[in-house]
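I opened this entry to record how the sheet, the helices and the pocket are arranged. The notes follow the order in which I looked things up.

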Amino acid sequence: MSNYTTSFFSPSSREDAYKAVAEKMSQWWTPVSAPFLKVGDIAKTGFKGQSYWVFQAKILKPEKLIELECTESNMVSDNVDDPEEWKGSTLRFEFSEENKGTLITFTHIGLSPEMKCWDMCKSGWDYYLFGSLKDFLSGNGGRPNTY
């Protein structure tokens, strides 16, 4: 089973990129109930009111790596049969210094083409990573979901 993975370059520092994910997701992804400041921190995020996910910080290595495990999933969509499809999956953000900036590699471990939500989730990640997060880190402001 393959996972969704992608990389992009940002002119930002690794510190700023790390903080954007750990502390400022609401500014580029979707409303998040709390930042991820230490291993074990838990935060809830959602889309369109009914759909939500709860993540727990499993690994937080400043400026290097963030892993957030989905501990609760309630994905409400006509395209999805199982609202718990994301449960047990992991959002992995890796940060490496490159060419006076940061290479950000994102892998959604457990999100695969075999899943019903693949097309919808892949499109969403493409938008929020390549558009919103990249713009946020470039100083152009993010384009988060605000439902």
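I began at the turn between two strands of this predicted model: Glu-98 stands opposite Gly-101 of strand 6. I then followed the pair outwards and found that strand 5 (residues 90–98) and strand 6 (residues 101–109) are antiparallel, joined over nine bridges.

Next I looked up the sheet as a whole. It is open, with six strands in the order 1-6-5-4-3-2 and antiparallel pairing. I noted strand 1 (4–10) and strand 2 (42–47) as the edge strands, each pairing on one side only. On average, neighbouring strands are turned by 25° against each other, direction ignored.

I turned to the helices. Helix 1 (residues 14–22) lies across strand 3, strand 4 (65–74), strand 5 and strand 6, and runs at about 165° to strand 5. Helix 2 also packs on the sheet, where I found it touching strand 1, strand 2, strand 5 and strand 6. The direction of helix 2 makes about 15° with that of strand 1.

Last, I examined the largest pocket, for which I recorded a volume of about 430 Å³. It is lined by 16 residues, and those closest to its centre are Phe-47, Trp-53, Met-75, Met-120 and Cys-121. Which elements give two or more residues to this lining? I listed strand 3 (51–61) and helix 2 (118–137). Helix 2 gives the most, with five residues. I sorted the lining by class and obtained ten nonpolar, five polar and one charged residues.

Definitions and conventions:
Residues numbered from 1 in each chain as written. Predicted model: local features only at pLDDT ≥ 70, side-chain atom pairs only at ≥ 80, totals over all residues. Heavy atoms only, no water. 1 Å grid on protein atoms, 1.4 Å probe; cavity = no way out; pocket = protein on both sides within 12 Å on 5 of 7 lines; lining within 4 Å. Points joined across faces, edges and corners; volume = space filled by probe spheres on them. Helix = DSSP H or I, 4+ residues; strand = E, 2+ residues; numbered from the N terminus. Nonpolar A, V, L, I, M, F, W, Y, C, P; charged D, E, K, R; others polar. Pairing = 2+ DSSP bridges. Axes fitted to C-alpha atoms, helices over the stretch in contact; angles between N-to-C directions. Contact = heavy atoms within 4.5 Å.
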